[in-house]
Amino acid sequence: MKKWILFMACLLPVGAMAQDEMEEVNRIKADRNTYLYGEGYGETEANADKEAMANLMSKISVQVSSDIEINEQQVNTAEGIDATSVVESVVKTYTAGTLKNTQSIIVTPAPKAYVVRYIKKTEIERVFKAREELIFDYLRGAREAEKVRRIADALRYYYWASCLLMSMQHPQEMRYMADDGMHILASWIPEQIRSILGQLKAEVTKIEDLEVSLLFTYQGQPVTNLDFSYWDGMSWSNIYPTNNGVTQVEMRPGADTEKFKIKYEYAFESQMQQVPELKQLMQIFKRIPYRESDVTIAAGKKADQKRAMAVYQASVASAGAATHAVAVEQPKEYTKTVDKVITAIKSKNYTSVKDLFTDDGYEMFDKLLHYGNATVLGNPQNNNRALVEDVTFTFNDDDKIESLAFGLDKAARDDIFNRDAAAWNDSVRMVIATFLENYKTAFALKRLDYIQSIFDDDAIIIVGHMTKQAKKNMENGKYIDNQLVKYTRLDKNTYIKNLERSFKSNQFINIRFTDNEVKKMGKGGQTYGILIHQDYYSSTYGDTGYLFLMVDLNDMDQPCIKVRTWQPNRDPNINGNFSKNDPYYGLIYGGNFD
């Protein structure tokens, strides 16, 4: 009898729980004016939940179908998409991105799981509002990028905004306030893309055998970045990068070197893998063609090449030289050392300069050379890989190269060195630039020890994961009140262990900084808040988002990260008091950490 009573005591709570949950489900089903719901069944809760979400999405599609305008001419019927089901396909893209405000109830667990997924009808409008904010975020990024001639980024953000626009309820009615007034986005965005493409100019600066040096300018100035493909005589090349307006391409034997066909990249479809809703939308809608992206350039006369070469060399020198560096005692000796390294790279006799490095420096040099196909543009060294990168050298007190790093582009350096801030002396500016260079290089070269050394033992480290709703509590509500992303706070050891696993599982890792804002903190002496728009690529994963670092530089020989946070989008619920044109709009701003 005692065993029977115990058995009954174990069963009663389960039955009570199922009954309570079923009553809640019945309440939701009965209140059709308030809720939409979907039901799912499966052997596991996950399978049942997936079915419930699909069922809910179908009902949402019916709910909003009469309120979404789709241009059927834009529909990619080649992908087998039925024009009559486009609305449902579009609505499904929101599950990949911003549809995070649904709730679920597990009525019965596995192995016969029954799950109900529901949403308040009033929340559906927020689904579209979140995507609208993402469109505005891309537009802000595009305009900022264009100002500093980051043409690859400007084109990418404008094009991605136009893709998202096609999925909005009333794309022809959406407007955006620019400097010259209010504009209808459906016509304004294409105008911006065509305007940028029309102001690009490509010139041949030198032809040596089958190697062609090219200069790219925008409004008469070398571009900061730009991606393109070219006809090599038999086929189109892969996407090829430029850095500070210069690059080199190699033609096939017998190819015409007097005229070159170029296609400027503006869609960046491969990078859409980082933004799931964009990836899905490109399966629904056709690629938007821009004829202005296809150009043919002539080699030109020798005099034209000579003039373009002068601009080319000036751009290379500006990118490679330590133009903002603190004066050193023996600059000529450093120049001689770098020249020897350049000669070794050109001849591929790398070990001949091993004595110019410290042990750690040469190890970095060796890793960098094997990271990609190392070539030299002009005299300063660049590393030609997925992106063309400047490379900076750091010397120790014995005049040996102790480290190498992928440099910041000119726009990023200028943001640091030309900022009108009286409290920033030259040493501080150089340390900030060097720190950012070393930070992104450490991920490429998988320098786990370096990353571990620059984080404070008690650092606030917050990583982001998409979720239904991030909860706020007394400890972390100050930092992570974001309804679209759950931020997990990690201690330093856990963060480093996670990085170690990532380094081992990825063949390569590349970090690309496309925008940076640096501000001196109001407290903490030489403490700075660094906001970066970061593109992260690896062999197994990619994402794009906003990184914030609060860095203590009171000991300039040992920069120390006190706070590191990340979020995928600008969230208007964070610092909503900033205007949409403010660079801190929707960001976890450094001042929050005072």
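In the predicted model, helix H5 passes helix H7 in a left-handed crossing. Helix H5 covers residues 151-165 and helix H7 covers residues 276-284. Their axes come within 10 Å and cross at roughly 70°. Because angles of 65 to 115 degrees count as roughly perpendicular, H5 is roughly perpendicular to H7. On the H5 side, the contact is made by Tyr159, Trp160, Cys163 and Leu164. These residues meet Glu277, Leu278, Leu281 and Met282 of H7. The contact of H5 with H7 involves 7 nonpolar residues and 1 charged residue, with no polar residue taking part.

The chain as a whole contains 15 helices and 23 strands. It has 594 residues, of which 52% count as buried. Among contacts in the chain with a separation of 6 or more, 63% are between residues 24 or more positions apart.

Two buried loop residues with polar side-chain contacts were examined next, Thr102 and Asp232. Thr102 is found in the loop that runs between helix H3 (86-96) and strand E2 (103-108). The relative accessibility of Thr102 is 1%, and buried means under 20%, so Thr102 counts as buried. The side chain of Thr102 makes a polar contact with the side chain of Arg117, at 2.9 Å.

Asp232 lies in the loop between strand E9 (225-230) and strand E10 (240-243). With a relative accessible area of 9%, Asp232 is also under the 20% cut-off and is therefore buried. The side chain of Asp232 makes a polar contact with the side chain of Arg252, at 2.9 Å. A polar atom of the Asp232 side chain also lies 2.9 Å from the backbone nitrogen of Ser235. When residues up to four places away in sequence are not counted, Asp232 touches Glu250, Met251, Arg252 and Ala255. Arg252 thus appears both among the residues touched by Asp232 and as the partner in the side-chain polar contact.

The backbone was also examined for less common geometry. Most residues other than glycine have a negative phi, and most peptide bonds are trans. The peptide bond from Ala110 to Pro111 is cis, with omega near 15°. Pro111 lies in the loop between E2 and strand E3 (113-120).

A positive phi is found at Phe268, with a value of about 50°, although Phe268 is not a glycine. Phe268 belongs to the loop between strand E12 (259-264) and H7. The relative accessible area of Phe268 is 3%, which is under 20%, so this residue is buried.

Lys348 likewise has a positive phi, of about 60°, and is not a glycine. This residue lies in the loop between helix H9 (331-347) and helix H10 (359-371). Lys348 has a relative accessibility of 53% and, because exposed means over 50%, counts as exposed. The two residues with positive phi therefore fall on opposite sides of the classification, with Phe268 buried and Lys348 exposed.

Methods: Residues are numbered from 1 along each chain as its sequence is written. This is a predicted model: local features need pLDDT of at least 70, side-chain atom pairs count only at pLDDT 80 or more; totals for chains, interfaces and linings use all residues. Side-chain values use heavy atoms; hydrogens and water are left out. Axes are lines fitted to C-alpha atoms, for helices over the stretch in contact, and angles run from 0 to 180 degrees between N-to-C directions. Helices (H or I, at least four residues) and strands (E, at least two) are DSSP runs, numbered from the N terminus. Angles under 35 degrees count as roughly parallel, over 145 as roughly antiparallel, 65 to 115 as roughly perpendicular and the rest as oblique. A crossing is left-handed if the near helix is turned anticlockwise from the far one by less than a right angle, and right-handed if clockwise. Contact means heavy atoms within 4.5 Å. Ala, Val, Leu, Ile, Met, Phe, Trp, Tyr, Cys and Pro count as nonpolar, Asp, Glu, Lys and Arg as charged, and the others, Gly among them, as polar. Buried means under 20% relative accessible area, exposed over 50%, partly exposed in between (1.4 Å probe, protein chains only). A polar contact is a pair of N or O atoms within 3.5 Å; within protein, one must be able to donate a hydrogen and the other to accept it, and residues adjacent in sequence count only if both atoms are side-chain atoms.
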